[in-house]
Amino acid sequence: MSRQLIKDEKLRNYINGKWFFPSTEKYADVKNPANLEALVQVPLSGEAEVAAATGAAKIAQKKWALVPAPQRAEVLYRVGLLMKERKEELSQLLTMENGKVIEEARGEVQEGIDMAFYMAGEGRRLFGQTTPSELKDKFAMSVRAPVGVVGIITPWNFPIAIATWKSFPAIVAGNAVVWKPATETPIMAYELAKIFEEAGLPKGVINVVFGSGSTVGEAMLEQDDIRVISFTGSNDVGRNIAAKCGERLKKVSLEMGGKNAVIVMDDADLSLAVEGILWSAFGTSGQRCTACSRVMVHEDLKEELEERLQVEIAKLTIGNGLDESIKVGPVINEHGLNKIKQYIEIGKDEGAKLLTGGYVMDSGEHAAGNYFAPTLFTDATADMRIAQEEIFGPVVSLIPVTSLEEAIEINNQVEFGLSSSIFTRDVNKVFAAQRDLDTGIVYVNAGTTGAEIHLPFGGTKGTGNGHRDSGVAALDVFTEWKAIYVDFSGKLQRAQIDVE
Ligand SMILES: NC(=O)c1ccc[n+]([C@@H]2O[C@H](COP(=O)([O-])OP(=O)(O)OC[C@H]3O[C@@H](n4cnc5c(N)ncnc54)[C@H](O)[C@@H]3O)[C@@H](O)[C@H]2O)c1
Ligand SMILES: O=C[C@H](O)CS(=O)(=O)O
């Protein structure tokens, strides 16, 4: 790894192509969740930095929008190449600041690389439409126009992938960006800003301001020159953002929580289902918006599934994700640990049966970090809080069902609608499920995670507000449709002429 972290190193904001310490002179330690060692210091910037970043973005965007889109795309292509060159180094840094195991960190960095090449391709598409005009000698078309300055606010659980999902489409479409990363995971943002700089992105097109949500995030909402806020994070924060942006008529794209479920029908390949549940419930220690936290299992398979899951959970290795043999890393911080602990008590009080796990691992090699034992509840019911609310940790609950219809009904009885999966060999059940599951993403014979970047990513109901990250759909967030009529008749045509 070439980038060495120094615990006293103070990261800087990237504004208008230059690196600045925060005017507040305030910082917070960034800690490795695997051992709580300090990695670097993140600036706690203030409103002044947000104003400077927005001003720089506004000026830069005017020029950037005039750069032909295929040339804008070339910068993204170089970003992709640089990320690819540095993939292993970035992955290790990501594991250190976030805790996810190295295999998953590599997967996340790869998502960013894929997004760079995909959005670079959009530079030669950005398709609009042409339509016939109602009038003679008149041409009608629509084009995607950039919105201007966009604000992106990102969470700690996918600190590089989600940033690329938002910034790359924004940039290729001709916008400039003000980005506030999560304070828990600033290293990915710092490194990505350096990559943008090295790739030759003109100054001011991307600006990174580190700081708290309540100061930097809120200040972004108040900047009238920021025309779009694209947010990924928790539901409470998203709702607050939507309300504040609503007052200012800002466009808002929200990607928020999930309460994702796997359905295991009586004809399922059980080995495959066990693998899918393990990976999607305990991968990233359950801290994915798409993590599986409910399993609706047909009653005929319930006992066997309970047994097989317990056997496989016992084999999971838990520890520092930099060690290639580790399968489950730490959770992000003490706040996360406490929230998970509370839900274990709630589940027990509600009458769910705890089969394994349910405790903080705080002895021996785990004493120094934020480790929670992979946890399996069974005999949960659809209305329990552990089956309704996002826990964001390595906890999964089995809910017995007797039919596909019942499983789908339970799947849909939650506030969120992000990802669902079904394990079955029956094609009729597959098609009924993909139609009736009220989620933005449906998997068949796979777990609830593993989205690919060229498809839309997001969910229904409380997961979002109708927008999508990723795929072409992401361009809808960062562009305005402009309808253009070109009249070449030489006269002012006011009405359609009746054809005789
Ligand atoms: N649906 C998705 O695509 C998706 C993907 C990943 C994570 N998530 C969700 O993210 C959550 C976990 O991430 P988190 O804990 O970082 O979420 P969070 O809501 O606490 O923070 C997200 C970002 O918002 C900022 N923020 C906090 N308060 C703010 C405010 N008042 N104004 C503006 N910005 C503010 C934070 O500093 C951070 O950068 C989970 O709920 C998870 O489901 C959703
Ligand atoms: O949030 C980002 C993830 O990569 C999506 S998924 O969990 O892999 O589907």
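A polar contact is a pair of N or O atoms within 3.5 Å; within protein, one must be able to donate a hydrogen and the other to accept it, and residues adjacent in sequence count only if both atoms are side-chain atoms.

This is a predicted model, where local features need pLDDT of at least 70, side-chain atom pairs count only at pLDDT 80 or more, and totals for chains, interfaces and linings use all residues. Residues are numbered from 1 along each chain as its sequence is written, chains are lettered from A and ligands numbered from 1 in the order in which they are written, and side-chain values use heavy atoms, without hydrogens and water.

**Exercise 1. Find what surrounds ligand 2, then its polar contacts.**

Step 1. List the residues near the ligand (one heavy atom within 4 Å of it). E111, F158, W165, R288, C289, T290, T449, G450, A451 and F457 surround ligand 2.

Step 2. Take the side chain. R288 places a polar side-chain atom 2.7 Å from an oxygen atom of ligand 2.

Step 3. Take the backbone. A polar backbone atom of G450 lies 3.0 Å from an oxygen atom of ligand 2. For A451, a polar backbone atom is 3.1 Å from an oxygen atom of the ligand.

**Exercise 2. Describe the second largest pocket and say where it lies.**

Step 1. Fix the terms. On a 1 Å grid over the protein atoms alone, a pocket is an open set of points with protein on both sides within 12 Å along at least five of seven lines; a cavity is a set where a 1.4 Å probe fits but cannot get out; lining residues have an atom within 4 Å of a point. Points are joined across faces, edges and corners, and a volume is the space filled by probe spheres set on them.

Step 2. Give the volume. The second largest pocket holds about 340 Å³. It is lined by 21 residues, with G107, E111, R288, G450 and A451 closest to its centre.

Step 3. Name the main supplier. Helix 4 (102–122) and helix 5 (161–172) each supply at least two lining residues. Helix 4 gives the most, with seven. Helices (H or I, at least four residues) and strands (E, at least two) are DSSP runs, numbered from the N terminus.

Step 4. Place the pocket. Domain 1 (3–256 + 464–483) and domain 2 (260–444) both line it, so it lies between them. The domain bounds come from an automatic or database domain assignment.

**Exercise 3. Describe the largest pocket in the same steps.**

Step 1. Its volume is about 1,200 Å³. Of its 44 lining residues, W156, G233, S234, N235 and V237 are closest to the centre.

Step 2. Helix 7 (213–222), strand 10 (226–232), helix 8 (235–247) and helix 11 (334–350) each supply at least two.

Step 3. Both domain 1 and domain 2 contribute to this lining, so the largest pocket also lies between them.

**Exercise 4. Which residues line the one cavity of 30 Å³ or more nearest its centre?**

Step 1. The cavity holds about 70 Å³.

Step 2. Its lining has 13 residues; G286, A291, S293, E390 and F392 lie nearest the centre.

**Exercise 5. Place L36 and L249, and say how exposed each is.**

Step 1. L36 has a positive phi of about 65°, although it is not a glycine. L36 sits in the loop between strand 3 (27–31) and strand 4 (38–43).

Step 2. L36 has 38% relative accessibility, so it counts as partly exposed. The cut-offs are under 20% for buried, over 50% for exposed and in between for partly exposed (1.4 Å probe, protein chains only).

Step 3. L249, also not a glycine, has a positive phi of about 55°. L249 lies in the loop between helix 8 and strand 11 (251–255). At 71%, L249 counts as exposed.
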